[in-house]
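Walk through this model from one helix outward to the sheet, the cores and the enclosed space.

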Amino acid sequence: MNTPVPNRVLMTADAVGGVWTYALDLARALGEAGATTVLAVLGPAPTEDQASAARAVPGLVMLDTGLPLDWTATTSADLREAGQALAALARERAVDLVHLNSPALAAEAEFAAPVVGACHSCLATWWDAVRQGPPPVDFAWRIAAQGAGYRACAALVAPTKAFADATARAYGVAAPTVVRNGRAPCARPAAKADHRFVIASGRLWDDAKGAAVLNAAAALTPAPVFAAGPLQGPTGGEAQLQRLRTLGRLDPDELAGWLAGAPVFASAALYEPFGLGVLEAAQAGCALVLSDIPTHRELWDEAARFVPPGDARALADALQEVLDDPELAAELRAAAQVRAADYTVEAMSAGVLEVYRQVLGAGRAAA
């Protein structure tokens, strides 16, 4: 007999990027299985549309904790206190399992329930992909905490094999179980209108997303290149992207509308553990032009036009090629939609719930 899913899960989330979507989708699956998810929000407070989406998830209790994220905590003491506060919350809510979307929070906290850590991103792998040389001192204690948090978890999951392997190399841990992310596709028109523009989405302030490369490519192609996403990060600083037609942060319906009309989606990411934005674009019927990084190649090989990462000229040429060749664009769109059908919320939820069952089953066997 399979071990049942936990009755009550404490899950952390942030409202800054794709982890929010991931957490809500997973909480919905838990709710459908009869479980309650206590969603502890760290970092900046959710926007009203995010909070509204959370309220619509059955069985979800959202708590805006005001605690820092692992990468916004200013000191190791702040991170330790945040982890200890979550451990106290887990005891108070009598949860059966803790799902940390920021596993560094487990580094110096004693959780009474088993902990599953989700590897969405981390500073060590980010630095390795985006910068050169040794990481700065401010990164060192964060990376150490991340490694300690990983080792404190009963199980780790990662959304791609490429990122699971990178995590194992960076921290000397066993490779996390690969459970690919998924999204429910939005409704879209049957065919693209006759538009000639490119759309991109993501955290434009994050150097890993390659917005600077996309900005340079936009100066080399006559087609307009639109980019959705925040320009300013939670720790300050703002991306300067004069050649892109920036749209700011869009709510899910607004972004879906742009994707529905866009013939081509571009990602110039230098580092991407999964890339929900690419999946959403593929589901919406966009032709994909992607940087040739391990994650993109793993997920979209033979379903996208690839260009060398960091090469603005090659990116501009590829965008223009796809825009100018309707047959090529149609082939790419069809291939991307077929591939996107593999990355469903149902498959993601089933994979994570199976990890939960294994962790709980192992705990019961040990008892």
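What covers the buried residues of H4? The cover includes H5 and H6. Keep in mind that this is a predicted model. The buried residues in H4 are Ala-124, Thr-125, Trp-126, Trp-127 and Val-130.

Now turn to H6. Its buried residues are Ala-162, Phe-163, Ala-164, Ala-166, Thr-167, Ala-168 and Tyr-171. H4 and H5 are among the elements that cover them, and so are E6, E7 and helix H10 (294-300). H4 and H6 thus appear in each other's cover. Just after H6, Gly-172 takes a positive phi of about 65°.

The helix spacing is worth recalling here. An α-helix has 3.6 residues a turn, so residues three or four places apart point the same way.

Next comes the sheet. It is open and has 7 strands, in the order E3-E2-E1-E4-E5-E6-E7, with parallel pairing. Strand E3 (60-64) and strand E7 (177-178) stand at the edges. Each has a single partner strand, so one side of each is left without a neighbour in the sheet. At the E3 edge, E2 and E3 pair in the parallel sense over 5 bridges. There, Thr-37 stands opposite Leu-60 in E3.

Strands and helices meet in the largest nonpolar core, which holds 42 residues. Leu-10, Leu-86, Val-98, Leu-100 and Phe-111 touch the most other members. Strand E2 (36-42), strand E4 (97-100) and strand E6 (155-158) each supply at least two residues of this core. Helix H3 (76-92), helix H4 (123-130), helix H5 (137-152) and helix H6 (161-171) do so as well. H3 gives the most, with 6 residues.

Look at Leu-10 in detail. Leaving aside residues up to four places away in sequence, Leu-10 touches Val-38, Ala-40, Leu-86, Leu-89, Ala-90, Val-95, Leu-97, Val-98 and His-99. A second, separate core has 32 residues, including Leu-97, Ala-118, Val-352 and Val-355. Leu-97 is therefore a contact of Leu-10, yet belongs to the second core. Finally, consider the space left inside. Rolling a probe the size of a water molecule over the atoms shows where empty space is left. The count comes to 1 cavity of 30 Å³ or more. About 40 Å³ of space lies in the largest cavity. Its lining is made up of Tyr-22, Ala-118, Cys-119, His-120, Val-157, Ala-158, Pro-159, Val-179 and Asn-181. Of these lining residues, 7 are nonpolar, 2 are polar and none is charged. Ala-118 lines this cavity and is also in the second core.

Terms used: Residues numbered from 1 in each chain as written. Predicted model: local features only at pLDDT ≥ 70, side-chain atom pairs only at ≥ 80, totals over all residues. Heavy atoms only, no water. Core = buried A, V, L, I, M, F, W, Y, C linked by side-chain atoms within 4.5 Å. Buried < 20%, exposed > 50% of the residue type's maximum accessible area, 1.4 Å probe, protein only. Helix = DSSP H or I, 4+ residues; strand = E, 2+ residues; numbered from the N terminus. Contact = heavy atoms within 4.5 Å. 1 Å grid on protein atoms, 1.4 Å probe; cavity = no way out; pocket = protein on both sides within 12 Å on 5 of 7 lines; lining within 4 Å. Points joined across faces, edges and corners; volume = space filled by probe spheres on them. Nonpolar A, V, L, I, M, F, W, Y, C, P; charged D, E, K, R; others polar. Pairing = 2+ DSSP bridges.
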